Structures are given as C-alpha cells and as structure tokens.
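I opened the notebook to look up where the ligand lies and what surrounds it.

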Amino acid sequence: MNLSDINTVKSLLSQEGFAFKKSLGQNFLIDGGVCPMMAEAACDGDTGVIEIGPGIGVLTSELAKRAKRVAAIELDGRLKKILDKTVGGFTNTEIIYGDAMKIDLKKLIADKFADCKRVAVCANLPYYITSPLIMSLLEQRLPIDNITVMVQKEAAERLCAEIGTREAGAVSVAVSYYSVPNVLFTVDRDCFLPSPKVDSSVIQLKIRKSPPISVKDEQAFFKFIRACFAQRRKTLVNTVSNSLNIDRERVRNALIKLGIREDVRSEGLTMEQLALISDNLFA
Ligand code: SAM
C-alpha cells in the first residue's frame with residue numbers, strides 16, 4: 001500500500017468515515033520523498049524511535065523498515081482501525097494511544113528500547129504543540145541521540161537560529177543549549193492533505209552530551225533568557241529590568257562590569273555573554 005498516494009489516503013480515510021480535526025494539527029503527508037528522507041536521517045537498525053502523531057502511518061512505516069523498534073504515540077483513537085491496517089504487520093512497531101505531552105517518555109524509553117543502542121524522536125509534529133513539545137523533550141534530558149521533526153518553516157528558523165543573530169529568541173537559546181540544531185530541508189505546503197497555509201521544514205536537533213557553556217544556576221539562566229527576549233525592541237537593560245522587576249542600575253552595572261555596551265539588545269549577544277550576565281546578576 002502506497003501511503004503517500006493521495007487516492008490511497010483518501011480511500012483509507014473515507015472507508016472509516018474519518019474527518020480531519022484541525023485542532024489536532026491533522027495535515028497528512030502525501031509526498032513520497034519526504035518520509036524516507038526523514039527516517040534515513042533519524043535512525044538506523046540499532047535505533048529505537050519514538051514517533052509522535054503517526055496519523056495513518058506514512059512515516060511510521062518508513063521508520064519501521066529502518067529502525068530496530070518504533071513506538072508511535074497517537075492521540076486520536078479514531079485512527080486505530082486505519083493504523084491496524086497500514087502498520088499492524090510490522091512486528092517491531094507498537095502504537096500507543098495517548099497524549100505525547102502527558103506520557104512518561106523516560107519510562108517508555110526504559111521499557112521499550114532497552115536493547116537499542118540509541119533512541120531518536122521522529123515526527124511530523126502537530127503544529128499546535130511544536131515548541132512546548134520540543135522544549136519538554138529537551139528539558140527532560142531524555143537519553144536520546146536526536147530529534148528529527150517537521151515543523152512550520154518559520155518555527156524551524158526560530159528554533160535553529162544562530163545565537164547572536166536577529167532571528168534568535170529565547171527558544172533558540174534553549175535549543176542550542178541542549179542540542180546542535182540544523183535545518184535539513186523544506187517541504188512545500190502542497191505535500192500535505194489538507195494543505196496548510198504555510199510551508200514546513202524538517203529540522204534535526206543532535207542532542208549534546210553537555211551544554212556548550214556553563215552557568216551557575218540553570219533555572220535562573222533560563223528565566224533571565226526569557227526576560228531578555230520578552231520585549232524584543234527594547235535594550236537588554238530595559239526588557240530584563242521590566243520583566244524581572246529588578247533595578248535598571250543593577251542590570252546596567254552587570255553589563256559595564258563585563259565590558260558590554262549598556263544599550264545592547266539581547267539578540268546581539270552570544271550565549272556565553274548571556275551566561276556571564278546571568279551569573280553576574282543571579283549567582
Ligand atoms: N505522521 C502523519 C503524517 O506525517 O502524515 C501525521 C502527522 S499530523 C501533522 C499530526 C498527528 O499528530 C495527527 O495524527 C494527530 O492526530 C496527532 N496528534 C495531535 N496531537 C497529539 C498529541 N498531543 N499526542 C500525540 N499525537 C498527537
């Protein structure tokens with residue numbers, strides 16, 4: 001069965017009377033080239049893969065052909081009959097019906113992938129949970145090798161932005177702290193059924209063994225980073241003092257002490273400089 005053929009997809013869906021739920025980010029891939037490339041980038045025969053949102057199983061089947069084991073988490077129970085038909089024959093693949101934001105992934109990895117050399121997360125992500133899900137995967141410090149996911153093109157640019165450039169925001173700092181991000185390729189909106197309003201990109205986050213900088217208080221650092229980018233048009237002194245309700249002079253003095261211009265904007269600083277300011281203010 002060719003799961004990226006639009007007629008096959010339509011016929012599978014209509015046999016089950018399936019209607020797309022926009023609220024679940026249900027845009028299914030109907031391009032034959034994308035899933036093999038994603039699966040190839042994410043895993044090999046020693047990898048256990050967590051897929052989030054298998055839909056009708058188009059990416060799942062490509063992962064199942066290449067990975068040692070696949071555990072795919074799908075929130076929409078209406079897809080069960082279709083998934084039984086499309087990927088039920090893969091003995092290395094299990095579909096877990098539940099919310100990927102709520103499932104204990106550390107436990108899932110320990111339970112399902114004990115015999116795998118590495119673990120990856122691979123998905124065409126439902127757009128409404130892109131950032132919270134990626135942040136949760138990173139912050140949990142799961143024992144994973146990479147996160148290879150399709151996200152909206154704009155989100156990809158923000159997530160993978162180099163720190164110290166205009167595109168960077170708080171989420172880019174967090175992503176680069178936990179991983180080495182890369183945009184692999186872009187995917188046109190016409191490659192989906194139904195077609196969304198925007199194009200997408202596949203990104204890969206290679207998880208770091210340790211962060212690229214050291215901070216004295218990680219929690220304080222991320223609170224500071226959120227404040228740094230909360231009011232993007234303002235100088236760092238203004239946005240940080242406003243957002244964290246601290247004295248402007250205190251922030252100004254921290255910059256002067258580090259030899260950083262006091263009218264600097266957060267987007268003009270490297271992660272190392274941001275860490276030094278945070279340490280200076282909060283450690
Ligand atoms: N992988 C399929 C593909 O590429 O065609 C479907 C991708 S579609 C963009 C997103 C999928 O995620 C849908 O199947 C949707 O039901 C599922 N989904 C939405 N929210 C979810 C959640 N919180 N946990 C798990 N799956 C979810």
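**Ligand shell and cavities**

I first listed the 24 residues around the ligand (each with a heavy atom within 4 Å of it), of which Leu-29, Gly-53, Glu-74, Asn-124 and Tyr-128 come nearest. By class, I counted 13 nonpolar, seven polar and four charged residues in this shell.

I noted that this is a predicted model, in which local features need pLDDT of at least 70 and side-chain atom pairs count only at pLDDT 80 or more, while totals for chains, interfaces and linings use all residues. Residues are numbered from 1 along each chain as its sequence is written, and side-chain values use heavy atoms, with hydrogens and water left out.

I then looked up polar contacts (pairs of N or O atoms within 3.5 Å): a backbone N or O atom of Gly-53 lies 2.8 Å from a ligand nitrogen, and a side-chain N or O atom of Asp-99 is 2.9 Å from a nitrogen atom of the ligand.

I found that the ligand sits in the largest cavity, where sitting requires more than half of its atoms within 2 Å of the grid points. A cavity is a set of points on a 1 Å grid over the protein atoms alone where a 1.4 Å probe fits but cannot get out, and its lining residues have an atom within 4 Å of a point. The largest cavity has a volume of about 340 Å³, taken as the space filled by probe spheres set on the points. Its lining has 28 residues, with Leu-24, Gly-53, Glu-74, Asn-124 and Pro-126 closest to the centre.

Conventions. On a 1 Å grid over the protein atoms alone, a cavity is a set of points where a 1.4 Å probe fits but cannot get out, and a pocket is an open set with protein on both sides within 12 Å along at least five of seven lines; lining residues have an atom within 4 Å of a point. A polar contact is a pair of N or O atoms within 3.5 Å; within protein, one must be able to donate a hydrogen and the other to accept it, and residues adjacent in sequence count only if both atoms are side-chain atoms. Ala, Val, Leu, Ile, Met, Phe, Trp, Tyr, Cys and Pro count as nonpolar, Asp, Glu, Lys and Arg as charged, and the others, Gly among them, as polar.
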